[in-house]
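Work through the exercises below with the structure open beside you. Try each task before you read its solution.

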Protein chains: 2
Amino acid sequence: MRVLVPFDARKPKTRLGETLDEDERGAFARVMLRDVLAGVRATGREPEVLATGPVDVDGPVIVDERPLSEAVNVALSRTDEPAAVVMADLALATGPALAELFETPGDVVLAPGRGGGTNAVVARHPGFRVDYHGVSYLDHLRAARGCGASVAVVDSHRLATDVDERADLVELLIHGEGESHEWLRARGFELSANGGRTDVSRSG
Amino acid sequence: MRVLVPFDARKPKTRLGETLDEDERGAFARVMLRDVLAGVRATGREPEVLATGPVDVDGPVIVDERPLSEAVNVALSRTDEPAAVVMADLALATGPALAELFETPGDVVLAPGRGGGTNAVVARHPGFRVDYHGVSYLDHLRAARGCGASVAVVDSHRLATDVDERADLVELLIHGEGESHEWLRARGFELSANGGRTDVSRSG
């Protein structure tokens, strides 16, 4: 199985603009990417980064400047074997969580993201294509059924948590086991409980 | 195994105050409770509601006006068998998701909620007590280790999703399979995608 990890090498993590400055967002996106690649390798698979521009990682990088869905679909069309697509901001994606994704049977296996996204997919059906716009999880369910593919859904909080917004940093501080957890801690981020849901605060 | 479902019969779901009026919040909390009870029953177990006041459900209700943690701990202290505590607002908690919780081995099994809460717990160790204040998931990890209990964590988006805030309604509209999903739909709620994460809108 090929494992593709799409990565925006240009302006990643803009929705963290009020929490991290531009340089930090770039660095944070790269450290999350490394955690995802480590999680994939922990399952015994070798990930390929599918990036919008050059990115310095330990492993193969395919550079494709096209929009996300188009670039992924081109990559899917060029492979005869099953392929997984795992988002680069799944900083909680441990080896066991990813192993469950990769090992779940089904022509199409979806890991929904919070808010209707599709955080990871395994495509074992040659007719399946992705479209990450809108409520992509529901679109992917329809697309899979539309091409006659059997569908399975992986129920995982780790895979459902793409780190896009400030509230997602809470999950990373609580559940993170990798480098990006340490990166946040080293920059002064900590949990801050003040009634209702836990927030993050930053010291120093 | 006893399965306790704590329920606030008085002023439930105040954080949905801008989305549902007071009567609706009371009705919505009860329909979510029914979904949780149905999920527990789908695993072959009979739930007991632990409520702050009388509540009209099909099944046993223990009324205890004390604060949540205290009421749960009294119930835990009064039982010799293993006990599970499942929050009443886990409207995505299907039978299979709950079965995984109940069947995971460990003296203490935790299902973290998004934002640091503890959405469900199985206690098979007589020394374990709950405390739902603050970042209770981390507190419960410490408490379990402190009494020498082995700990397991269930990684489930369905169990991590307690329905407290408007954004949580998105999850229910996308993934809900029970009565509370239908309840929302019947009151005009639908998904609304406008860039970034999906929101809900209400018609009529």
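The exercises that follow deal with a predicted model.

**Exercise 1. The sheet of chain A**

Task: Give the strand order of the open sheet in chain A and find its edge strands.

Solution:
- Step 1. List the strands across the sheet. The order in chain A is β3-β2-β1-β4-β6-β5-β7, seven strands with mixed pairing.
- Step 2. Look at the two ends. β3 (61-63) and β7 (151-153) of chain A each have a single partner strand, so one side of each is left without a neighbour in the sheet.
- Step 3. Add the twist. From one strand to the next, it averages 20°.
- Step 4. Zoom in on one pair. In chain A, β5 (residues 108-112) and β6 (residues 118-123) run antiparallel and share five bridges. One residue to check is Val108(A), whose bridge partner in β6(A) is Ala123(A).

**Exercise 2. Helices on the sheet of chain B**

Task: Describe the sheet of chain B and say which strands helices α2 and α3 of chain B touch.

Solution:
- Step 1. Read the order. Chain B has an open sheet of seven strands, β3-β2-β1-β4-β6-β5-β7, with mixed pairing.
- Step 2. Mark the edges. β3 (61-63) and β7 (151-153) of chain B pair on one side only.
- Step 3. Take the turn between neighbouring strands. Direction ignored, the average is 20°.
- Step 4. Inspect one parallel pair. Strand β1 (residues 2-7) of chain B pairs with β2(B) over five bridges, in the parallel sense. Here Val3(B) is opposite Pro47(B) of β2(B).
- Step 5. Place helix α2 (residues 68-77) of chain B. This helix packs on the sheet and touches β1, β2 and β4 (83-86) of chain B. The direction of α2 makes about 160° with that of β1(B).
- Step 6. Place helix α3 (residues 95-103) of chain B. Its contacts on the sheet are β1, β4, β5 (108-112) and β6 (118-123) of chain B. The angle between the directions of α3 and β4(B) is about 140°.

**Exercise 3. How the copies relate**

Task: What turn and what shift lay chain A on chain B?

Solution:
- Step 1. Recall the principle. Two copies of a chain are related by a rotation about an axis and a shift along it.
- Step 2. Insert the values. The turn is 180°, the shift along the axis is 0.0 Å, and the RMSD is 0.0 Å.
- Step 3. Name the relation. This is a two-fold axis.
- Step 4. Compare the contact surfaces. Of the interface residues of chain A, 100% are also interface residues in chain B, so the copies meet through the same surface.

**Exercise 4. Salt bridges**

Task: How many salt bridges does the whole structure hold, and which parts of chain B do two of them tie together?

Solution:
- Step 1. Take the total. There are 28 salt bridges over all chains.
- Step 2. Examine Arg158(B) and Glu177(B). Their side chains form a salt bridge of 3.2 Å, N to O. Arg158(B) sits in helix α5 (residues 157-160) of chain B, and Glu177(B) in the loop between α6 (166-175) and α7 (179-186), so the pair ties together parts 19 residues apart in sequence.
- Step 3. Judge their exposure. Buried means under 20% relative accessible area and exposed means over 50%. Arg158(B), at 15%, is therefore buried. Glu177(B), at 64%, is therefore exposed.
- Step 4. Examine Arg166(B) and Asp199(B). They meet at 3.3 Å, N to O. Arg166(B) belongs to helix α6 of chain B and Asp199(B) to strand β9 (residues 199-202), so this pair links parts 33 residues apart in sequence. Arg166(B) is partly exposed at 33%, and so is Asp199(B) at 28%.
- Step 5. Look for a network in chain A. Salt bridges link Lys13(A), Arg15(A), Asp89(A), Asp164(A) and Glu165(A).

**Exercise 5. The surroundings of Glu46(B)**

Task: Where does Glu46(B) lie, and which residues is Glu46(B) in contact with beyond four places in sequence?

Solution:
- Step 1. Locate Glu46(B). The residue is in the loop between α1 (22-42) and β2 (47-51) of chain B.
- Step 2. Check accessibility. At 45%, Glu46(B) is partly exposed.
- Step 3. List the contacts. They are Val3(B), Arg41(B), Gly59(B) and Pro60(B).
- Step 4. Single out the salt bridge. Glu46(B) forms one with Arg41(B), with the closest N and O atoms 3.4 Å apart. Arg41(B) is partly exposed at 30%.

Terms used
Residues numbered from 1 in each chain as written. Chains lettered and ligands numbered in written order. Predicted model: local features only at pLDDT ≥ 70, side-chain atom pairs only at ≥ 80, totals over all residues. Heavy atoms only, no water. Pairing = 2+ DSSP bridges. Helix = DSSP H or I, 4+ residues; strand = E, 2+ residues; numbered from the N terminus. Axes fitted to C-alpha atoms, helices over the stretch in contact; angles between N-to-C directions. Least-squares fit on C-alpha atoms with pLDDT ≥ 70 in both. Contact = heavy atoms within 4.5 Å. Salt bridge = Lys/Arg side-chain N within 4 Å of Asp/Glu carboxyl O. Buried < 20%, exposed > 50% of the residue type's maximum accessible area, 1.4 Å probe, protein only.
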